[in-house]
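Here is a quick tour of a few side-chain contacts and one surface feature. Have the sequence and the 3D view open as you read along.

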Amino acid sequence: MRVLFIIGIIILCLFLLFLMLLFMKITVKIRYYHAKDNDDLSVEIRILFGLIRIKKKFPLIKVDDNSPSLVVEEETKVKVGEDGPEQKGNKKTNQFTGDDLLNTFSNTKELLQHVVGFHRIIRYILSKVRIKDIEWSSIIGLGDAAHTGAIAGAVWAVKGAIIGIISNYMKMQNMPHIHIYPQFQRNASETLFKCMIRFRLGHAMIAGIKIVKYWKGGMPHLKPNNEAPAIHK
């Protein structure tokens with residue numbers, strides 16, 4: 001009887017853990033800032049009510065002067081608990097060429113061809129995603145009033161279209177803050193984009209199950225990227 005009781009406790013604990021995983025919310029904070037030739041991208045993932053925080057920072061995104069490739073610096077930080085120490089990972093510098101981008105598109109197409117109704121699965125998971133606190137501000141200047149006004153209007157239209165697409169696929173919890181500040185007397189190019197995305201792990205698990213369920217054919221033939229050696233700091 002004691003063994004059965006222990007087994008029952010273990011099964012109950014596993015069941016409760018499974019339920020907790022199903023309903024656990026994952027929060028993703030995205031921040032992107034562009035000014036002239038400088039780009040800064042950071043993504044923070046919060047799990048277990050914010051007790052676990054994983055922050056990936058890409059402080060440098062630029063085109064390599066010596067080759068037709070994109071140079072990206074990456075830094076990872078992990079924090080457990082509100083008052084816990086922040087553990088820093090190694091800094092890495094990676095290079096991505098045009099061939100890598102083409103291989104990524106080819107691999108994505110290959111994966112899509114192996115999943116029946118993939119767009120419906122994507123629509124399902126996006127419909128469960130909640131997005132809030134969108135802030136998108138831009139400073140634009142071409143040094144000429146007429147040209148600056150024209151480009152500012154075009155940027156307004158592009159931003160409106162993108163926000164419309166986001167609100168069509170995801171649940172927007174509050175109104176986005178969209179700003180454009182035209183500079184008529186000087187050249188300027190700055191952009192700040194911030195938002196918070198939240199979803200339940202259970203919905204992501206269901207989407208994964210759907211992908212496995214509607215998978216057809218054998219294993220996809222994926223093309224490897226031409227990985228340049230990463231520089232650790």
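## Salt bridges

The count of salt bridges comes to 2. Keep in mind that this is a predicted model. As background, side chains of opposite charge can pair when their charged atoms come close.

Start with E44 and R46: their closest N and O atoms sit 2.8 Å apart. The two partners fall into separate classes of exposure. E44 has a relative accessible area of 15%, so E44 counts as buried, since the limit for that is under 20%. R46, at 24% relative accessibility, is partly exposed.

The other bridge joins K194 and E135, with 3.5 Å from N to O. K194 belongs to strand β11 and E135 to strand β8, so this pair links parts of the chain that are 59 residues apart in sequence. Both ends are partly exposed: K194 has a relative accessible area of 31%, and E135 has 27%.

## An aromatic pair

How many aromatic pairs does the structure hold? There is just 1 aromatic pair. W136 and F193 make it up, and they meet edge-to-face, with 5.5 Å centre to centre and 85° between the planes. Those two values are the usual way in, because a pair of aromatic rings is described by the distance of the centres and the angle of the planes.

Now look at where the rings come from. W136 is part of strand β8 (residues 130–142) and F193 is part of strand β11 (residues 187–200), so the pair ties together parts that are 57 residues apart in sequence. If those strands sound familiar, it's because K194 and E135 of the salt bridge lie in β11 and β8 too.

Are the two rings buried or exposed? W136 is buried, at a relative accessible area of 14%, and F193 is buried as well, at 18%.

## A lysine over a ring

Next, find Y124. K210 lies over the face of this ring, at 5.4 Å from the ring centre.

## A nonpolar patch on the surface

Finally, head for the surface. Which residues form a nonpolar patch there? They are F5, I6, I9, I10, L14, L17 and M20, and together they have about 660 Å² of accessible area.

Take L14 as one of the members. L14 lies in helix α1, which covers residues 2–23. With 52% relative accessibility, L14 counts as exposed, because the class starts at over 50%.

Technical notes. Residues numbered from 1 in each chain as written. Predicted model: local features only at pLDDT ≥ 70, side-chain atom pairs only at ≥ 80, totals over all residues. Heavy atoms only, no water. Patch = residues over 30% accessible without salt bridge, like charges linked within 9 Å, V, L, I, M, F, W, Y side chains within 5 Å. Areas by Shrake-Rupley, 256 points an atom, 1.4 Å probe, with all protein chains shown as cover. Salt bridge = Lys/Arg side-chain N within 4 Å of Asp/Glu carboxyl O. Helix = DSSP H or I, 4+ residues; strand = E, 2+ residues; numbered from the N terminus. Buried < 20%, exposed > 50% of the residue type's maximum accessible area, 1.4 Å probe, protein only. Phe/Tyr/Trp six-rings, centres within 6.5 Å; stacked < 30°, edge-to-face > 60°. Lys NZ or Arg CZ within 6 Å of the ring centre and 35° of its normal.
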